[in-house]
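Got the model open in your viewer? Keep the selection box handy, and let's walk through it stop by stop.

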Amino acid sequence: MPFEEASPQAEPDGHAAAPAAKRVFIKTFGCQMNVYDSERMSEMLAAEGYVETDAPDEADLAILNTCHIREKAAEKVYSDLGRLRDIKSARAEGGKETLITVAGCVAQAEGEEIVRRAPAVDLVLGSQSYHRLPELLSRLRGGETALVETAFPDEDKFQALPERASAKAVTAFLTVQEGCDKFCTFCVVPYTRGMEYSRPVAALVDEARRLVQRGVRDITLLGQNVNGYHGEGPDGAPTTLAGLIGQLAGIEGLLRIRYTTSHPRDMSEALIEAHAREDKLMPYLHLPFQAGADRVLAAMNRKHTAADYLALIARIRRARPDIALSTDIIVGFPGESDADFEATLALVREAEFAHAFSFKYSPRPGTPAATMDGQVPEEVKRERLERLQEVIDAGYRRFNGACVGKRLPVLFEKAGRHAGQLVGRSPYLQLVHADADPALIGRVIDVEIRAAGANSLSGAICGQS
Ligand code: 5AD
Ligand code: SF4
């Protein structure tokens with residue numbers, strides 16, 4: 001019988017005991033927006049009596065919140081589904097039910113195909129439908145099978161979600177915008193997340209306030225095209241991201257604001273100006289350029305050139321000279337020649353990124369680039385990626401190395417691995433370790449940086465030896 005463990009049991013004195021909690025295992029793939037979505041699903045399920053578990057073999061409900069951006073990410077889901085199928089049959093032998101849900105972008109993109117390939121899956125839940133999870137679970141318990149929910153419903157899923165309950169951390173994500181109308185020819189996002197949608201300012205200020213009340217001090221505003229944000233403002237008129245940041249900066253107790261991911265074409269003067277003016281807006285900007293050759297950029301439908309990008313970052317650095325820039329880069333886009341790839345390397349050297357994410361082009365079904373002529377052999381992509389990563393790593397080491405000897409204000413987030421140590425973030429998003437009192441978690445403290453490691457900085461709290 002489904003959810004047998006959850007049924008109330010009689011206590012010796014005749015009172016009903018609290019029902020044993022149902023357990024949910026959630027595995028999140030891909031971007032920060034999926035992290036945000038998983039948190040919201042977990043909160044919604046907590047209201048239904050579920051407790052999260054890290055052990056899939058204990059789970060009455062297993063959710064894979066998936067990513068479709070590159071083939072590798074999508075394929076990982078199917079290998080995990082193989083393992084979950086085995087767990088499901090082992091638990092069934094012990095009389096326990098396990099419901100398997102595939103949520104997120106693979107669910108949105110592949111729909112029915114998932115239950116065909118992996119018949120152990122009970123529910124396929126597209127990225128716009130996760131607020132309907134409780135209702136869909138009760139339909140499954142009522143005997144329906146293999147449900148596939150991938151429509152883009154009319155109702156606003158954010159509106160339909162319960163209020164946020166459980167922020168425990170110092171940092172949090174807040175989805176402000178979702179979807180993308182840019183249609184870069186390599187990208188599945190416009191198909192998996194749909195058209196651009198911006199949440200209203202009032203709902204976001206409310207949600208941010210509640211996060212701050214629960215101890216959050218640093219909020220990262222999320223959107224696939226976050227700087228295209230145009231949510232309804234208090235006066236009913238569309239508000240820009242700069243306007244939204246201004247509203248959020250007024251929240252007492254919120255110390256830091258970040259946003260990601262931005263498109264170069266939507267980097268408005270007002271937003272650049274906000275970096276100069278707004279103390280709470282951190283000097284860190286993730287601004288993908290994708291490729292250094294103009295003909296590749298044109299084939300990608302990016303609608304900017306390499307020169308446009310360099311001019312833009314020069315303007316941003318004039319407004320905020322210490323800003324740390326990060327970016328996304330694709331190698332081996334169809335038709336990319338050796339010379340085109342050299343142009344990518346040249347741009348990386350010139351731009352001096354603090355951080356960069358680089359990927360081999362992965363053809364995605366249904367996107368225009370997947371069927372373009374001139375697909376680049378895997379071996380060439382691999383070599384180019386290696387060369388690019390060397391240049392990126394050198395820049396990363398330079399950026400971190402230049403911090404040694406400086407004082408950086410660090411927002412401490414949690415205990416570090418070593419006793420007595422805390423971990424926090426610099427304004428530039430670097431991880432910083434320092435010996436410090438746990439009472440400093442949630443506070444911004446100046447740290448003198450003493451060393452730069454492979455992935456983090458370490459230092460001493462100012463005023464201490
Ligand atoms: N192949 C490789 N990388 C991709 N990205 C998006 N689509 C693809 C693809 N088909 C990269 C882009 C984007 C980041 C999130 O993922 O660089 O900015
Ligand atoms: Fe994808 Fe970003 Fe291009 Fe939108 S702007 S299509 S999300 S790469």
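Select Val226 to begin. Its relative accessibility is 0%, so Val226 counts as buried. This is a predicted model, so keep that in mind as you click around. Val226 is in the loop that runs between β10 (218–222) and α9 (241–249).

What does Val226 touch, once neighbours within four places in sequence are set aside? Show its surroundings and you'll find Val176, Gln177, Leu221, Leu241, Tyr259, Thr260, Thr261 and Ser262 in contact with it. For a sense of scale, draw a C-alpha distance from Val226 to Leu457: these two are 231 residues apart along the chain, and the gap is 29 Å.

Two of those contacts deserve a stop of their own. Select Thr260 and Thr261, both in contact with Val226, and look at the backbone joining them. Is the peptide bond there cis or trans? The bond from Thr260 to Thr261 is cis, and its omega is near 5°. Most peptide bonds are trans, and most residues other than glycine have a negative phi. Thr261 itself sits in the loop between β11 (256–260) and α10 (269–277).

Staying with backbone oddities, go to Asn301. Although not a glycine, Asn301 has a positive phi, about 65°. You'll find Asn301 in the loop linking α11 (294–299) to α12. Asn301 is partly exposed, its relative accessible area being 24%.

Next, jump to Glu352 for another one. Here phi is positive again, at about 55°, and Glu352 is not a glycine either. The loop in question lies between α13 (338–351) and β14 (355–360). With a relative accessibility of 37%, Glu352 counts as partly exposed.

Now select helix α12, residues 306–319, and pick out Ala319. Which residues does Ala319 touch, leaving out those up to four places away in sequence? The answer is Ile272 and Ala276. Try a distance to Glu269 as well: Ala319 and Glu269 are 50 residues apart in sequence, and their C-alpha atoms are 9.9 Å apart in space. Is Ala319 buried or partly exposed? Ala319 has a relative accessible area of 24%, so it falls in the partly exposed class.

Another helix is next. Select α4, residues 112–117, and click on Arg117. Arg117 is partly exposed, at 41% relative accessibility. Beyond residues up to four places away in sequence, Arg117 touches Glu75 and Tyr78. The C-alpha atoms of Arg117 and Tyr78 are separated by 8.4 Å, with their positions 39 residues apart along the chain.

For a strand, move to β19, residues 456–461, and select Ser456. Ser456 has a relative accessible area of 17%, which means it is buried, the cut-off being under 20%. Its contacts, again not counting residues up to four places away in sequence, are Leu431, His433 and Ala451. Then stretch a line across to Glu58: Ser456 and Glu58 are 398 residues apart along the chain, and 35 Å lies between their C-alpha atoms.

Time to zoom out and colour by domain. The assignment gives domain 1 as 22–149, domain 2 as 157–401 and domain 3 as 407–461. Place a marker at the C-alpha centres of domain 1 and domain 3, and you'll get a separation of 36 Å.

Switch to cartoon for the whole chain. How many helices and strands are there? The chain has 14 helices and 19 strands. Its radius of gyration is 24 Å, close to the 23 Å given by the globule rule for 465 residues, so the chain is as compact as a globular protein of that length. The C-alpha trace spans about 70 × 60 × 50 Å along its principal axes.

Contacts and surface make a good last view. Of the contacts between residues at least 6 apart in sequence, 71% join residues at least 24 apart. Buried residues make up 52% of the 465. Turn on the surface: the chain exposes about 20700 Å², and carbon and sulfur atoms supply 51% of that. Finally, colour by charge. There are 55 positive and 66 negative charges, and their mean positions are 4 Å apart.

Note on methods. Residues numbered from 1 in each chain as written. Chains lettered and ligands numbered in written order. Predicted model: local features only at pLDDT ≥ 70, side-chain atom pairs only at ≥ 80, totals over all residues. Heavy atoms only, no water. Helix = DSSP H or I, 4+ residues; strand = E, 2+ residues; numbered from the N terminus. Rg over C-alpha atoms; globule rule 2.2 N^0.38 Å. Buried < 20%, exposed > 50% of the residue type's maximum accessible area, 1.4 Å probe, protein only. Contact = heavy atoms within 4.5 Å. Areas by Shrake-Rupley, 256 points an atom, 1.4 Å probe, with all protein chains shown as cover. Lys, Arg positive; Asp, Glu negative; His and termini not counted. Charge placed at Lys NZ, Arg CZ, Asp CG, Glu CD. Domains from an automatic or database assignment.
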